[in-house]
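Colleague: I have a model open and would like to learn how to read it. Where should we begin?

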Amino acid sequence: MMLPSDWLPIVIEHESRLLSSLDLDGYKFVVGGPFGNSLEYRPGAQWMVLEAEHAHLPKRAVRLPIHERFTRDDHLQRLQAVSKKLAEHETSWFPWFKLAMYDFGEQVSFRPCPVMVMDWIDGETYASALWRYRKQPNSLAELQMNFSRLMDEMREAGYDHGDISVSNLRVMPNGMMMLLDPDSLSHVEIKINKSLELGHPTWNHP
């Protein structure tokens, strides 16, 4: 298991080579970002998320695994398959992502280590938006409508998601919603022999 405190000095040392290997030349990791040292880490989270910015290009999110269960071949195969399906469908309700492998050397037990690159989604969690609009019925109704639209588009395209929660839903500045967490995303056409049930100490995945 790799904690954020373990990852940070390693990421700083490998920053240029890592970003170049991910076709992110000209990008830099944000220090002191919205999640503190540009990390998103909460109880139960299994990936560390870093914000990468460029002077002229859209921001990216770079995800590194916390736990070795997310480096298993069966799980990585499913992520690759989901990534391919999302590219084919050009979805507007889930961010683009790709999976790559990078060798951090003997400092990291995951060799090579899976690294995920995603579009960075600006916005607030669904929970935050619900609280902010709690006294505005029209705004709440619009949130519910956009949530329903997202669910309809996802299901019509043959996808399912194992953790549709207020923290995995992002409300963008234009009011539209996106769903996050590719580990819980699957597609009806994806055939994987093994499955990985995602459970966390703070909540259950059905």
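**Reading the cores**

Modeller: Begin with the largest nonpolar core, which has 28 residues; Phe-94 and Phe-97 touch the most other members. At least two residues of this core come from each of strand 2, helix 2 (73–89), strand 4, strand 5, helix 3 (126–132), helix 4 (137–156), strand 8 (169–171) and strand 9 (177–179). Bear in mind that this is a predicted model.

Colleague: Which residues is Phe-97 in contact with, leaving aside its neighbours within four places in sequence?

Modeller: Phe-97 is in contact with Leu-79, Val-82, Ser-83, Leu-86, Met-116, Val-117, Met-118 and Pro-182. Another core, of 24 residues, lies apart from the one just described; among its members are Ile-10, Val-11, Val-115 and Val-117.

Colleague: And the chain as a whole: how many helices and strands does it have?

Modeller: There are 4 helices and 10 strands, in the order α-β-β-β-α-β-β-β-α-α-β-β-β-β along the sequence. Of the 206 residues, 47% are buried. Take contacts between residues at least 6 apart in sequence: 61% of them join residues at least 24 apart. The chain exposes about 11100 Å², and carbon and sulfur atoms supply 50% of that.

Colleague: How do I read a single helix, and which residues of helix 1 are buried?

Modeller: The general idea first: an α-helix has 3.6 residues a turn, so residues three or four places apart point the same way. In helix 1, the buried residues are Pro-4, Trp-7, Ile-10, Val-11, His-14, Glu-15, Leu-18 and Leu-19. They pack against strand 1 (28–29), strand 2 (47–53), strand 3 (60–65), strand 4 (97–102) and strand 5 (113–119).

Colleague: What does helix 1 span between its end C-alpha atoms?

Modeller: Compare the span with that of a straight helix. For 18 residues at 1.5 Å a residue, a straight helix would span 26 Å, but helix 1 (residues 4–21) spans only 21 Å. Helix 1 also has a kink of about 70°, centred on Glu-15. After the helix comes Asp-23, with a positive phi near 60°.

Colleague: Next, aromatic rings. How many aromatic pairs does the structure hold?

Modeller: It holds 5 aromatic pairs. For each pair, look at the distance between centres and the angle between planes. Trp-7 and Phe-104 are edge-to-face, with 5.0 Å centre to centre and 65° between the planes. Trp-7 is in helix 1 and Phe-104 is in the loop between strand 4 and strand 5, 97 residues apart, and the pair links these distant parts of the chain. Both Trp-7 and Phe-104 are buried.

Colleague: What about Tyr-126 and Phe-147?

Modeller: Their rings are stacked, at 5.8 Å centre to centre and 15° between the planes. Tyr-126 is in helix 3 and Phe-147 in helix 4, so this pair ties together parts 21 residues apart in sequence.

Colleague: Why does Tyr-126 count as buried?

Modeller: Because its relative accessibility is 10%, and buried means under 20%. Phe-147 has a relative accessible area of 23% and is therefore partly exposed. Returning to Trp-7, that residue forms one aromatic cluster with Tyr-102 and Phe-104.

Colleague: One last residue: where does Arg-60 lie?

Modeller: Arg-60 lies in strand 3. Leaving out residues up to four places away in sequence, Arg-60 touches Leu-24, Tyr-27, Leu-50, Glu-51, Ala-52, Trp-96, Val-117, Met-118, Asp-119 and Trp-120. With Leu-50, the separation is 10 residues in sequence and 8.4 Å in space, C-alpha to C-alpha.

Note on methods. Residues are numbered from 1 along each chain as its sequence is written. This is a predicted model: local features need pLDDT of at least 70, side-chain atom pairs count only at pLDDT 80 or more; totals for chains, interfaces and linings use all residues. Side-chain values use heavy atoms; hydrogens and water are left out. The expected span of a helix is 1.5 Å times one less than its number of residues. The bend at a residue is the angle between axes fitted to the seven residues ending there and the seven starting there. Buried means under 20% relative accessible area, exposed over 50%, partly exposed in between (1.4 Å probe, protein chains only). Contact means heavy atoms within 4.5 Å. Accessible areas come from the Shrake-Rupley method with a 1.4 Å probe; for residues, only the protein chains shown count as cover. A nonpolar core is a set of buried Ala, Val, Leu, Ile, Met, Phe, Trp, Tyr and Cys residues joined through side-chain atoms within 4.5 Å. Rings of Phe, Tyr and Trp (its six-membered ring) pair if their centres lie within 6.5 Å; planes under 30 degrees apart count as stacked, over 60 as edge-to-face and the rest as tilted.
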